[in-house]
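Work through the following exercises with the sequence and the model side by side, and try each task before reading its solution.

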Amino acid sequence: VSREHCIIDISGDSVFIEDKTSQLGTIVNGIPIGGKSSENRVNLILGTNTLVLGGDDSQVRFRLDVSSPDP
């Protein structure tokens, strides 16, 4: 896992995780992106999201809570 493994991108009302071409990949809500996957970006859902840097056995895990934008 590197310092530039992935980024959080906010575009309009949507929040995305984008893998920055890491070798190990990233897993967001069970969806692999980057690494050997053809996908490199996924939209986060409102509420609790899971983020794993590396493969299924990685200990680098995060919980990301996404809320609605303030009016």
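**Exercise 1.** Determine which residues S58 touches, not counting residues up to four places away in sequence, and decide whether S58 is buried or exposed.

*Solution.* Begin with the contacts (heavy atoms within 4.5 Å): S58 touches V52 and L53 once residues up to four places away in sequence are set aside. Next, place S58 in the loop between β6 and β7. Finally, its relative accessible area of 13% makes S58 buried, because buried means under 20%, exposed over 50% and partly exposed in between, with a 1.4 Å probe and protein chains only.

This is a predicted model, in which local features need pLDDT of at least 70 and side-chain atom pairs count only at pLDDT 80 or more, while totals for chains, interfaces and linings use all residues. Residues are numbered from 1 along each chain as its sequence is written, and side-chain values use heavy atoms, with hydrogens and water left out.

**Exercise 2.** Establish the strand order of the open sheet of 3 strands.

*Solution.* The order is β1-β2-β5, with antiparallel pairing, where strands are DSSP runs of E, at least two residues, numbered from the N terminus, and two strands pair if DSSP finds at least two bridges between them. β1 (6–11) and β5 (41–43) each have a single partner strand, so one side of each edge strand lacks a neighbour in the sheet. Strand β2 (residues 14–19) pairs with β5 over 3 bridges, and F16 stands opposite N43 in β5.

Note on methods:
Helices (H or I, at least four residues) and strands (E, at least two) are DSSP runs, numbered from the N terminus.
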